[in-house]
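Me: I'd like a close look at one part of this model, please. Pick a residue in the packing between the chains and work outwards from there.

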Amino acid sequence: MSNDLAIRKQALEQAIRNAAQRSGSAAFELRMRKQYEVALAIIQHLELQAQREVLLDWGKK
Amino acid sequence: MDEGLIIVVIAAIAFIGWVIYTYWGTVLTIIAICAAVAVVVPLLVWGIRKYVYLITEPRVTTMVDNGNYTSALDELSRIPEAGLSLVDSTIAQHLDEVLAVLNQRNAELGSEVSRLKQNAERTIRSTGNLEDRLRVARETGHSEEFGKALIEQLAKSYGMRTSRE
C-alpha cells in the first residue's frame, strides 16, 4: 500500500472510531461500518489499478 | 462629558420610551419576530447542513461511477453524523449499493491483475538474465515501489538473486 493510501486509511479508521464512540445508535454504527467497507473497497480498487498500471508498464519494457 | 451629547442621549431615550409607550404592541411584535428569526434561522441552517446529506449522499455513488475514487474516498470521510436512525439507515443503503458496484469492479480488476502477474511470471521464468531485466527496469524509470517489490518478489520466488541482495 502506498504511503498516501496508508495515511488516508489510518485517518479514516480514526474518524470512524471516534464517531462510533460518540454515538450509541445501532443505525449509525451500521452506517459507519458500511462507510468503512466502502472506503476499504475503494482503497483496494486504487491498489489494484496501481498494480495493473505497473504490470502493463512493465510488460511493455 | 459634553452637554450636547447628554441632551442627545436623553432625547434618544425619551424618544425610544415614547415609541415603546405609544406602539408597545408593534414593538413587542417586532421583538417576537426577531427572537423567532434568531432561533429559527440557526436551527434551519443546522438542519440543512445535517440532513441535506440525504440528498447529496449519492455523490459518492456518482464519483465511483465516474471513476473518481480519490474524491469518493475524501467524500466518505466528510459524511456528517446524522443523529437520526432513518437518515443513517438510508445512507447505509446508499453505501451498500456503492459497495456492490465496487466489489464487482474489484473482482474484475483483480482477475486482470492476476492474469498480468501470471504473464509477468511466465516472462521472468522464460528469461535467463534476470539481473539485466532488473537493471533495465530501473534505468527506464521503473521507480514505482510496487514494481520493484513485485520484480524482486517474483525473482525470489524463482530462487534468483536481485541486485538489492
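Reply: Let's start with Ile42(A) in this predicted model. Leaving aside residues up to four places away in sequence, Ile42(A) touches Val64(B), Tyr69(B), Ala72(B), Leu73(B), Leu76(B) and Leu102(B). Every name in that list carries the chain B letter, so the contacts of Ile42(A) counted this way are with chain B, at heavy-atom distances within 4.5 Å.

Now widen the view to the core around it. The largest nonpolar core has 19 residues, and Ile42(A) is among those that touch the most other members, along with Val38(A), Val64(B), Leu73(B), Leu76(B) and Leu102(B). Four of the names on the contact list of Ile42(A) turn up here again: Val64(B), Leu73(B), Leu76(B) and Leu102(B). As for the elements behind this core, helix H2 (26-60) of chain A gives two or more residues, and so do helix H4 (59-65), helix H5 (69-76) and helix H6 (85-126) of chain B. There's also a second core, separate from that one, with 6 residues, including Leu48(A), Leu109(B), Val113(B) and Ala120(B).

A quick word on chain A as a whole. Chain A has 2 helices and 0 strands. Of its 61 residues, 38% are buried. The accessible surface of chain A is about 3400 Å², with carbon and sulfur atoms accounting for 49% of that area.

Then there are the aromatic rings, which are worth a look in chain B. Over all chains, the count is 2 aromatic pairs. In one of them, Phe15(B) and Trp18(B) sit 6.0 Å apart, centre to centre, with 35 degrees between the planes, which makes the pair tilted. Why are these two about one helical turn apart? Because Phe15(B) and Trp18(B) are 3 residues apart in helix H1 (residues 3-22) of chain B. Phe15(B) is exposed, because its relative accessibility is 51% and the cut-off is over 50%. Trp18(B), at 47%, is partly exposed.

Trp18(B) also pairs with Tyr23(B): the ring centres are 6.1 Å apart and the planes lie at 85 degrees, so this pair is edge-to-face. Tyr23(B) is partly exposed too, with a relative accessibility of 44%. Put together, Phe15(B), Trp18(B) and Tyr23(B) make up one aromatic cluster, with Trp18(B) taking part in both the tilted pair and the edge-to-face pair.

Terms used:
Residues are numbered from 1 along each chain as its sequence is written. Chains are lettered from A and ligands numbered from 1 in the order in which they are written. This is a predicted model: local features need pLDDT of at least 70, side-chain atom pairs count only at pLDDT 80 or more; totals for chains, interfaces and linings use all residues. Side-chain values use heavy atoms; hydrogens and water are left out. Rings of Phe, Tyr and Trp (its six-membered ring) pair if their centres lie within 6.5 Å; planes under 30 degrees apart count as stacked, over 60 as edge-to-face and the rest as tilted. Helices (H or I, at least four residues) and strands (E, at least two) are DSSP runs, numbered from the N terminus. Buried means under 20% relative accessible area, exposed over 50%, partly exposed in between (1.4 Å probe, protein chains only). Accessible areas come from the Shrake-Rupley method with a 1.4 Å probe; for residues, only the protein chains shown count as cover. A nonpolar core is a set of buried Ala, Val, Leu, Ile, Met, Phe, Trp, Tyr and Cys residues joined through side-chain atoms within 4.5 Å.
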